[in-house]
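Visitor: Please take one part of this model and look at it closely. I would like the local contacts spelled out, one after another.

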Amino acid sequence: MAGRVVLHYFNGRGKMESIRWLLTVAEVEFDEVFLTTRAQYEKLLSDGALMFQQVPLVEIDGMKLIQTKAILKYIADKHNLYGKDLKDRVMIDMYSEGLMDLMELIMVLPFTQDVKSKLDNLESKARERYLPVFEKALAGPVYLVGGKLSLADVLLVESTLMLEEKFPAILSGFPNVKAFQGRMVQIPAIKRFLQPGSKRKPQPDDNYVKTVMEVTIFPLSLP
């Protein structure tokens, strides 16, 4: 247990799932502590572990890190998935933050009453705002930035798989993105992660939503 990365979150995807993906690609083993009761959450608060009273929380290298973007950047930088220089990193950040905005539209779906309008908005923005950017960026290059695997690539394959769960044919008009996805899922660590029994979480169900709502004081910001 000593020295292992520990993730504190719900037993579901949410904002922790991208962190699980990145650790998997970096081939870093991790343990998980699932929040199932309000008492667990309040203990983290009373211990001062949650700077802004929110999870995800990741214990790594003797630190307790919060804020998803900060955690992802730390892991990516540590494991050579964050470009070779400042210009690479800012491009990785731009792509990554756009993809996180896209995935946020998916994460809120189980918590909304107006699912159809949210799905319509998601599909429209995915087709018109997000996927065209990556279709253009991948017209030739194997990876998004600097000719090597980065955080942005990991988030892109995660988000495309999430989109296909909602709209199975959505990548049909984006052949470069679909080809990229096909290459990425053949990476051994990702291939294992996509198999049953891995630490990848399924789509959120009613039990996941109920747990989030009961455990936290900011449920709507913690899908």
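**A close look at Arg20**

Guide: In this predicted model, a polar atom of the Arg20 side chain lies 3.4 Å from the backbone oxygen of Phe10. Arg20 has a second polar partner: its side chain and that of Glu17 are joined by a polar contact of 2.6 Å. Arg20 sits in helix α1, residues 17–25. Is Arg20 buried or exposed? Arg20 counts as buried, because its relative accessibility is 0% and the cut-off for buried is under 20%.

Next, the surroundings. Neighbours within four places in sequence are left aside here. Arg20 is then in contact with Leu7, Tyr9, Phe10, Gly12 and Arg13. Its contacts also include Phe30, Glu32 and Phe34. Phe193, Lys199 and Lys201 complete the list. Phe10 thus appears among these contacts and also supplies the backbone oxygen at 3.4 Å.

For another part of the model, turn to helix α5. Helix α5 covers residues 115–137, 23 in number. From first C-alpha to last, α5 reaches 31 Å, close to the expected 33 Å. The helix bends by about 45° at Leu131, and Pro132 follows within four residues. Leu131 is also one of the buried residues of α5, as are Leu122, Ala126 and Phe134. The cover over the buried residues of α5 includes α4, α6 and α7.

Take α6 from that cover. The axes of α5 and α6 come within 12 Å and cross at roughly 145°. The crossing is left-handed. On the α5 side, Leu119, Leu122, Ala126, Leu131 and Phe134 take part; they meet Leu156, Leu163 and Lys166 of α6.

Terms used
Residues numbered from 1 in each chain as written. Predicted model: local features only at pLDDT ≥ 70, side-chain atom pairs only at ≥ 80, totals over all residues. Heavy atoms only, no water. Helix = DSSP H or I, 4+ residues; strand = E, 2+ residues; numbered from the N terminus. Expected span 1.5 Å × (residues − 1). Bend = angle between axes of the 7 residues up to and from the residue. Buried < 20%, exposed > 50% of the residue type's maximum accessible area, 1.4 Å probe, protein only. Contact = heavy atoms within 4.5 Å. Polar contact = N/O pair within 3.5 Å; in protein donor to acceptor, adjacent residues only side chain to side chain. Axes fitted to C-alpha atoms, helices over the stretch in contact; angles between N-to-C directions. Left-handed = near helix turned anticlockwise from the far one by under 90°.
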